[in-house]
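Visitor: I'd like to learn how to read ring packing and helix faces in a model. Can you walk me through it?

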Amino acid sequence: MSDDAQQFASDNYSGICPEAFAAMEAANRGHAPAYGEDAWTIRAADALRDLFETRCEVFFAFNGTAANSLALASLCQSYHSVICADSAHVETDECGAPEFFSNGSKLLAVRTANGKLDPQAIRSVAMARSDIHFPKCRVVTLTQPTETGQVYTLDEIRAIAATCRVLGLSLHMDGSRFANACASLGCAPADMTWRAGVDVLCFGGTKNGMHAGEAVIFFDPSLAEDFGYRCKQAGQLASKMRFLAAPWVGMLESGAWLRNAAHANACARRFAEGVAGLPGIEPLFPVEANAVFLRMPPPVMEALRARGWRFYTFIAGGARFMFGWDTQGPRLDALVRDLAEACADQAESQSGTRSRPMSSS
Ligand SMILES: *Cc1c(COP(=O)(O)O)cnc(C)c1O
């Protein structure tokens, strides 16, 4: 297997999609003002305002960790706390950046089955303590879709937002795969965010097909006050901002953002269907976006790796497969075939009988 063969270990193994690349190329023809004073940045922010059907405040950060951390910091004082799911990226994969950039706001991780919070869990954390010795709950952060690929329904988001309002909490959404959630639910981005009660969204561009970049979107402009300073201080103000902004123009104006996500989701479903019923293989979560998690016997994992496949096992103990905007059908089918063969070999070595499926293609 060649080194640049397509892998499904992560959706950011992929490259840059043509629409994003073309926009960067167009932005590269000549000079433009720096630090976001350029026409591309204005056009990208306007495209996001069109997409969300509202006058939101838009900022562009280099990556998701910075976007989440700075957005949360803007909603908190250092003595506040943020309620999140135990598997949330902010809790498990950001090296303490949310706490660092908020000068110590504590993350309160709630144990969940699939990374989804619910009103009951939020209430029990937020109401457990109201004394001066505990960091005051101030924000709830949802990951949409969750790290294991579950999508909050609109009703679930609305119910959480209603709970937040009663408790005086702001609602943040980590949407590093927000486009996949939109494609999955088939709803307007506005319905999944401000119309449902979300205050701030981190909208991921990288996993959706861009080279880099996340948009931080404040639906309540008053919350965005001084956010530009926060970005600059954190090293997140791009001097050649047009190269963070132009890909958004390319993705949004062409519709690639949603096409890419729909393709990725469809590939995840195709993979899940392709491996359904293989002996020893069990889906760990319903497939609602572009992630598939499979429980599989360790020898089968080894066999897949020996065939050159890469995948992670650090979430939920299973093998994770992520499908990106550029997933190639034949490559996906090759993974299904290799997995089927590895399962058959494993079944054979256990029972001594041959049960390898006939190859059909
Ligand atoms: C990938 C990802 C991010 C962003 O990660 P960076 O590597 O900092 O860009 C944020 N949240 C979730 C749920 C992610 O999967």
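Guide: Sure, and keep in mind that this is a predicted model. Start inside: F218 is buried, with a relative accessible area of 0%, and F227 is buried too, at 1%.

Visitor: How are the rings of F218 and F227 placed, and what kind of pair is that?

Guide: Look at the angle between planes; over 60 degrees counts as edge-to-face. Here the ring centres of F218 and F227 are 4.8 Å apart and the planes meet at 65°, so the pair is edge-to-face. F285 and F293 give another case: with centres 5.4 Å apart and planes at 85°, they are also edge-to-face. Both F285 and F293 are buried.

Visitor: How many aromatic pairs does the structure hold?

Guide: There are 18. Ring pairs also join F52, F60, F178, F203, F219, W248 and W257 into a cluster.

Visitor: Which charged ends sit over a ring?

Guide: K116 puts its charged end over the ring of Y152, 5.6 Å from the centre. R305 does so over F311, at 4.1 Å from the ring centre.

Visitor: Now helices. Why do buried residues line one face of helix 13?

Guide: The general idea: an α-helix has 3.6 residues a turn, so residues three or four places apart point the same way. In helix 13 (residues 298–306), the buried ones are V300, M301 and L304. Seen down the axis, they fall within an arc of 105°, so they line one face. P298, E302 and A306 are exposed on the other side.

Visitor: What covers the buried residues of helix 13?

Guide: The cover includes strand 10 (319–322) and helix 14 (329–351). Just after helix 13, look for G308, with a positive phi of about 100°.

Definitions and conventions
Residues are numbered from 1 along each chain as its sequence is written. This is a predicted model: local features need pLDDT of at least 70, side-chain atom pairs count only at pLDDT 80 or more; totals for chains, interfaces and linings use all residues. Side-chain values use heavy atoms; hydrogens and water are left out. Rings of Phe, Tyr and Trp (its six-membered ring) pair if their centres lie within 6.5 Å; planes under 30 degrees apart count as stacked, over 60 as edge-to-face and the rest as tilted. Buried means under 20% relative accessible area, exposed over 50%, partly exposed in between (1.4 Å probe, protein chains only). A charge sits over a ring if NZ of Lys or CZ of Arg is within 6 Å of the ring centre and within 35 degrees of the ring normal. Helices (H or I, at least four residues) and strands (E, at least two) are DSSP runs, numbered from the N terminus. The arc is that of the directions from the helix axis to the C-beta atoms. Contact means heavy atoms within 4.5 Å.
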